[in-house]
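Grab a pencil and work through a few short exercises. Try each task before you read its solution.

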Amino acid sequence: MSTDFSIRPVGIPAPIQIVTTSNSAANDAVQTDLPLSQTVAASDTSAAVGNGDLQGNANISRQVVFDQASASMVFQVVNDKTDAVVNQFPDEAMLRRRAYFHALDLKSEPSRPLNTDLSA
């Protein structure tokens, strides 16, 4: 790789036009204050949301399973008392989709005989 290169601008730079805006549009704008019945307030952030309930629950366990049909690892949160899956990634729809495409890939591959010739 050569180190004798240079970077030069190409062409004539275009002149920059400065555009000034007037404040008359801002002065004539419609008032944006809403009545109290139409305002939106932030939600209460002190309440636990999302996965916070799963963290404190002593009756859950986490496991990783290999789904052979979709050739994917599945991460699950399981209730120990009922053995029911509480949460799972990827979800069932994604696993079915992956299994379908995996089956198509296996069908489209031509079956090749096993090469037992070790001299090659």
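Below are three exercises on this predicted model, each with a worked solution.

Residues are numbered from 1 along each chain as its sequence is written. Because the model is predicted, local features need pLDDT of at least 70 and side-chain atom pairs 80 or more, while totals for chains, interfaces and linings use all residues, and side-chain values use heavy atoms, with hydrogens and water left out.

**Exercise 1.** Work out how E1 and E2 pair.

Start with the strands, which are DSSP runs (E, at least two residues) numbered from the N terminus: E1 covers 60-67 and E2 covers 72-79. Next, check the pairing, which takes at least two DSSP bridges; here eight bridges join E1 and E2 in the antiparallel sense. One of the partners to find is Ser 72 in E2, matched with Asp 67. Finally, look at the hairpin: four residues sit between the strands, and Ala 71 has a positive phi near 55°.

**Exercise 2.** Is Phe 66 buried or exposed, or in between?

First, place Phe 66: it lies in strand E1. Then apply the cut-offs (buried under 20% relative accessible area, exposed over 50%, partly exposed in between; 1.4 Å probe, protein chains only). Phe 66 comes out at 45%, so it is partly exposed.

**Exercise 3.** Find the aromatic pair and classify its geometry.

Searching the whole structure gives one pair. The ring centres of Tyr 100 and Phe 101 are 5.4 Å apart with planes at 65°, so call it edge-to-face. The rule: Phe, Tyr and Trp (six-membered ring) pair with centres within 6.5 Å; planes under 30 degrees apart are stacked, over 60 edge-to-face, the rest tilted. Last step: at 46% relative accessible area, Phe 101 is partly exposed.
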